[in-house]
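Here are some notes to read with the structure open beside you. Take the points one at a time and find each strand or residue as you go.

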Amino acid sequence: MRPQATLFREEKKEFSHNIATAVQSEEEEPPLSAVAEERQLFFGNSSQSWNDWRWQFRNRVTTVEQLLKFIPLTSNECAQIRSVSAKYPLAITPYYLSLLEPSDPYDPIRLQSVPTIAELSKSCVSMEDPLAEQQHSVVPGLVHRYPDRVLMVLTDICPMLCRHCTRKREWQYGGWVRTPEQFENMLAYIRQHKEVRDVIVSGGDPLTLSTVRLEEVLSGIRRIPHVEIIRIGTRVPVVLPQRIDDELCNVLSKFGPIWLNTHFNHPREITPEATRACDLIVRAGVPVNNQSVLLKGINDSVETQIKLCQSLLRIKVRPYYLFQCDDVAGTEHFWTSVESGVEIIRNMRGFTSGLAIPNYVIDLPNGGGKIPVSPDYILERTLDELIVRNYQGKIMHYSNPGNSQTRVMSEVVLKDVIIV
Ligand SMILES: *Cc1c(COP(=O)(O)O)cnc(C)c1O
Ligand code: SF4
């Protein structure tokens, strides 16, 4: 094994230990500068630039040759990655790459970031645009599917290209940002639609925009009186936590109420850097929620989900959605059955904080929207009684007090009695 990889393995062991203790006790947390220094060493970088998000972005690993410096790959694997990345490009930030365990081909960090040949096996059910976002755009970049909220797709640029991404069809043509004129058209639509009270700023990753541009976007939306909340969808806290700086947080706190949704999928992503990033966002008055994707071999076990969700609560991030992986071409190897998702939720509810339990949802194909799927707790339902199963599997009866039909009936009976 190459010396660099060996060095990284040792550093990794020590570092995982640091994470484990750091989240439990703030006193034992290693200073971030020390953590950064260790990661830099792995990357072969010794300058101050590691903590600069622009440097992280510029130095993304995008070729097999670069990847080979960090992960042992056979020439066959190299050829496979080359052919996959011609269709679905490769991009990993140095930071995210430094979380990876080079010797483990099934490492959850690696599976989310490094291309595999499985991405090219296209089955008949998978689609390029299953959510029909293109069809539902009311003006370019604006999706208005639900009555009171819209989704704004501002760019297709992301710091890291996640292998399970719903929008991976667009990567090949990538690198665009909406022009100021296109953005103005989106604002004009929202101004005319008074029912829109929630605007979701998404992408791609909207935090790849410069802070100055982002300020223009947020202030533009904020000037529309009927818009109550703005949501930002971003994976930056996970793949480029250096992006969260004071300058950005000042902007976020100026245009609130803003809610931020991020995308942690595995407990190993909850590092001191990610912890700091989320803490800064929360301190700016922005609640942070998590939308993860259920991915085979990455987080499709009860143990991993409980660990992920409990660790999220410790960094003040609320698990919001757990998505069934969309039917997108190039992601089939990550798909799990709906039953396995339901089983995971069944094994969480009651066994840990309710706050730690996400809503497990399927985003229906053809723009059908999100539907929650949850374990069946109600076995039978009559007008005045429910037969339910609790989290321990005990069957119990619950008399149904609020059934309006029963109530109306009893009022009628009572009146008859009085008249008589
Ligand atoms: C997911 C989504 C939303 C937001 O849904 P919530 O359930 O409110 O989080 C809005 N618009 C579109 C098009 C979406 O896909
Ligand atoms: S951050 Fe989101 S949009 Fe960007 S590549 Fe990852 S999953 Fe796709």
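1. Start with I362, whose bridge partner in β10 is I371. That pair belongs to a match between β9 (residues 359–364) and β10, two strands that run antiparallel and are joined by four bridges. Keep in mind that this is a predicted model.

2. Now look at how the chain gets from β9 to β10. The two strands make a hairpin, with four residues between them. In that turn you'll find N366, which has a positive phi of about 60 degrees.

3. Zoom out, and the hairpin strands turn up at the end of a longer list. Ten strands form an open sheet, in the order β1-β2-β3-β4-β5-β6-β7-β8-β9-β10, and the pairing is mixed. Which strands stand at the edges? They are β1 (137–139) and β10 (369–372); each has a single partner strand, so one side of each is left without a neighbour in the sheet. From one strand to the next, the twist averages 30 degrees.

4. For a parallel pairing in the ten-strand sheet, check β3 and β4, which pair in that sense over five bridges. A residue to click on here is L151: its bridge partner in β4 is I200. Remember L151, as we'll meet this residue again in the pocket.

5. There is another sheet to look at. Three strands make an open sheet in the order β11-β12-β13, with antiparallel pairing. Here β11 (378–381) and β13 (395–399) are the edge strands, and each has a single partner strand, so one side of each has no neighbour in the sheet. Ignoring direction, neighbouring strands of this sheet are turned by 20 degrees against each other on average.

6. Within this three-strand sheet, β11 pairs with β12 (residues 385–389) in the antiparallel sense, over three bridges. If you want one pair to find on screen, take R381, whose bridge partner in β12 is L386.

7. Next, the largest pocket, which holds about 1,100 Å³ of space. It is lined by 44 residues, and those closest to its centre are L151, R167, S202, Q291 and F323. So that's where L151 comes back. 

8. Which elements give two or more residues to the lining of that pocket? The answer is β2 (142–146), β3 (149–153), β4 (198–202), β5 (229–233), β6 (258–262), β7 (288–294) and β8 (317–324). The largest share comes from β8, with four residues. By type, the lining divides into 20 nonpolar, twelve polar and twelve charged residues.

9. What takes up the space of the largest pocket? It's ligand 2. Around this ligand you'll find C158, M160, L161, C162, C165, W171, R235 and H263. That shell divides into six nonpolar residues, one polar and one charged.

10. Last, a look for enclosed space. A search of the whole structure finds one cavity of 30 Å³ or more, and the volume of the largest cavity is about 40 Å³. Its lining is made by L154, V177, R178, F183, L209, R213 and V217. Of these lining residues, five are nonpolar, none is polar and two are charged.

Note on methods. Residues numbered from 1 in each chain as written. Chains lettered and ligands numbered in written order. Predicted model: local features only at pLDDT ≥ 70, side-chain atom pairs only at ≥ 80, totals over all residues. Heavy atoms only, no water. Near = heavy atom within 4 Å. 1 Å grid on protein atoms, 1.4 Å probe; cavity = no way out; pocket = protein on both sides within 12 Å on 5 of 7 lines; lining within 4 Å. Sits in = over half its atoms within 2 Å of the grid points. Nonpolar A, V, L, I, M, F, W, Y, C, P; charged D, E, K, R; others polar. Points joined across faces, edges and corners; volume = space filled by probe spheres on them. Pairing = 2+ DSSP bridges. Axes fitted to C-alpha atoms, helices over the stretch in contact; angles between N-to-C directions.
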